[in-house]
Amino acid sequence: MRFRHRAAAGFATLLLPLAGLVGLASPAQAAANATASFTKSSDWGTGFGGQWTVKNTGTSAISSWTVEWDFPSGTSVTSAWDADVTNSGNHWTAKNKSYNGSIAPGASVSFGFNGAGSGSPSNCKLNGDSCDGTTVPGDAAPSAPGTPTASGITDTSVKLSWSAATDDKGVKNYDVLRDGKVVSTVTATSYTDTGLTAGTDYSYTVRARDTADQTGPVSGAVAVHTTGGGTTPPPTGDKVKLGYFTEWGIYGRNYNVKNLVTSGSASKITHINYAFGNVTGGKCAIGDSYADYDKAFTADQSVSGTADTWDQPLRGNFNQLRQLKAKYPNIKVLWSFGGWTWSGGFADAAKNPAAFAQSCYDLVEDPRWADVFDGIDIDWEYPNACGLTCDTSGPAAFKNLMAALRAKFGSNNLVTAATTADGSAGGKIEAADYAGAASSIDWYNVMTYDFFGAWDAKGPTAPHSPLTSYSGIPKDGFTTADAMAKFKAAGVPAKKLLIGIGFYGRGWTGVTQDAPGGTATGPATGTYEQGIEDYKVLKTSCPATGTIAGTAYAHCGSNWWSYDTPATIAGKMAWAKNQGLGGAFFWEFSGDTSNGELVSAINSNL
């Protein structure tokens, strides 16, 4: 939780010339006397503006009209005007309004919409016939395909196969329906459905479409239960298993809330800390409004599989977290405020704890997203001590702040805090009244990582998250065991202490010695920052070559890294259980592998 990595979201709008008219079709009076044509009027990369024009080419008035078309997967209508537009999967239907259904001979009416994606409409019908004014042949609908069979079932995917349908004019493609809703249209007699939730029941059917775009009856249904954990009850036992999700991870890291589902991690955690809200002017404040509640996610980025629209009440990460909680009702989400960068703001907050607590409550319980959050986490990393800046609020400031938050948020909300793990004599644990504040909090996230790193550019090399001390450790008291012992000795109950795991490594370059304690020339190269790298990268780029003090290290070429692996996490979880700790937390989800192997190690061993 030491650093923020943020990237600016870029926006560009490119106006394109009118696209050529595309013929399409739908039901309402004989379309042989009318046509419907489509124009893409503008395009801004992630979306476009579209317009349909319905023209009466006959000799008598048309009293109503309906236009139907298909969009490819990933393209959708986000808003429309002068027509009522609905959809079933990728099939879209537009019906006239009360004021524009009647079209005189030779006249035309238009309706428009904004779309997401880049696809173009196909299979158009106007009032049941072709949009180019020809009559759809009165052939028979296709037969039902064979009942699908399921194979290759994983936590998040399944392969479906079925026998072909028959039709007198030929089968064009098949609609695949999950729980009664179309999820894809394919030409083959097989389809792999992805992005599913572990430990969940689904029902699949298939229906055929012929060359006239008629759909036949659906097939028999096949039941599928994905592997992995279910959504309720909580994964195992009563231990807290909490991960940090960073608001800025959706930018350069391209890590969305949906990745918690596809990795299988969502079924193995109990809590999420959303990081970070800002602390400024003595108040809680939004950290990044675009990421938090404004960014529009496309269907393939969304937990629900549905694209955000421009006019929906809530978008961004908050809406994605809402969708995640709908799938995993046991997960609790806390909004975390502060962090290393914004911890300096707590000095003003400490001057009036009640006013600060009120501002936080008003923000967390904002009606737009009150259902998303189950409490608040305070990440004041150096109360009455020095960090990015120096704080002189006094030893009672932290206790007073947490007491005010508990008084305001009440017993129905969680109130937690991240804390230092400096267990040295006279260190940061002794600088604030953590024991006195313990009665106001549900638990402490003790940041038992970042003890050592390449901010000491010349070394000595040392594991950044040692569980216990070892001969040659650069500073006494900089271990998980020392930190937990100091908290417990001060009077903090063990069950209110969570062990912290970093899903990343810290490293040096210019190192010749395999064992810890070697000299270096500076920080090793990292993807986002010098001296730090995600576990998912290090596990293959610099595999562990040894362990010390309950954590792993690796010497590859001239680089030396330390990080936790599934094996060392298993050892730390066993230690945490023996100590009677309340559970574990980690920073942060995006450092894990795509199949969530570190989250799995925490879950299976805690």
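# A tour from the largest pocket to the disulfides

Start with strand E15, which gives the largest share of the lining of the largest pocket, 4 residues; strands here, like helices, are DSSP runs (E of at least two residues for a strand, H or I of at least four for a helix), numbered from the N terminus. The model on your screen is predicted, and for that reason local features need pLDDT of at least 70 and side-chain atom pairs count only at pLDDT 80 or more, whereas totals for chains, interfaces and linings use all residues. Residues are numbered from 1 along each chain as its sequence is written, and side-chain values use heavy atoms, with hydrogens and water left out.

**The largest pocket**

Keep the view on this pocket, whose volume is about 1100 Å³. A pocket is an open set of points on a 1 Å grid over the protein atoms alone, where a 1.4 Å probe fits and protein lies on both sides within 12 Å along at least five of seven lines, and its lining residues have an atom within 4 Å of a point. The volume is the space filled by probe spheres set on those points, which are joined across faces, edges and corners.

To centre the view, select Val182, Val183, Ser304, Gly305 and Thr306, which are the closest to the pocket centre among the 34 lining residues. Then add strands E6 (76–81), E7 (84–88), E15 (181–186) and E16, each of which supplies at least two residues of the lining. If you colour by residue class, the lining divides into 10 nonpolar, 17 polar and 7 charged residues, where Ala, Val, Leu, Ile, Met, Phe, Trp, Tyr, Cys and Pro count as nonpolar, Asp, Glu, Lys and Arg as charged, and the others, Gly among them, as polar.

**From E16 into its sheet**

E16 leads on to an open sheet of 3 strands, which follow the order E12-E13-E16 with antiparallel pairing. Strand E12 (149–151) and strand E16 (190–193) are the edge strands, each with a single partner, so one side of each has no neighbour in the sheet. From one strand to the next the twist averages 25°, taken between axes that are lines fitted to C-alpha atoms, with angles running from 0 to 180 degrees between N-to-C directions.

Select E12 together with strand E13 (residues 158–161), and you will find the two paired in the antiparallel sense over 3 bridges; pairing requires that DSSP finds at least two bridges between the strands. Within this pair, Thr149 is placed opposite Ser161 of E13.

**A covered strand**

Move next to strand E19 (residues 240–246), where 7 of the 7 residues are buried, that is, under 20% relative accessible area, with exposed meaning over 50% and partly exposed in between (1.4 Å probe, protein chains only). On one side you can select Val240, Leu242, Tyr244 and Thr246, and on the other Lys241, Gly243 and Phe245, all of them buried, and both faces of E19 are thus covered.

E19 runs parallel to strand E33 (residues 583–587), to which 4 bridges join it, and Leu242 faces Phe585 of E33. E19 also runs parallel to strand E20 (residues 271–280), here through 5 bridges, with Asn273 of E20 as the bridge partner of Tyr244.

**The disulfides**

Display the cysteine sulfur atoms last: the whole structure holds 4 disulfides, each a pair of such atoms within 2.5 Å. With bonded cysteines counted along the chain, their pattern is 1-2, 3-4, 5-6, 7-8.

One of them links Cys124 and Cys131, with sulfur atoms 1.8 Å apart, and both cysteines are buried. The torsion about this S-S bond of Cys124 and Cys131 is about -55°, so the disulfide is left-handed.

Another joins Cys386 to Cys390, S to S 1.9 Å, and with a torsion of about 110° about the S-S bond, the disulfide of Cys386 and Cys390 is right-handed. Cys386 is partly exposed at a relative accessible area of 41%, whereas Cys390, at 54%, counts as exposed.

Finally, select Cys542 and Cys556, whose sulfur atoms are 2.0 Å apart in their disulfide; the S-S torsion of Cys542 and Cys556 is about -115°, so the disulfide is left-handed. Cys542 lies in the loop between helix H10 (535–541) and strand E30 (546–548), and Cys556 in strand E31 (residues 551–556), so the pair ties together parts that are 14 residues apart in sequence. Cys542 is buried at 1% relative accessible area, whereas Cys556 is partly exposed at 23%.
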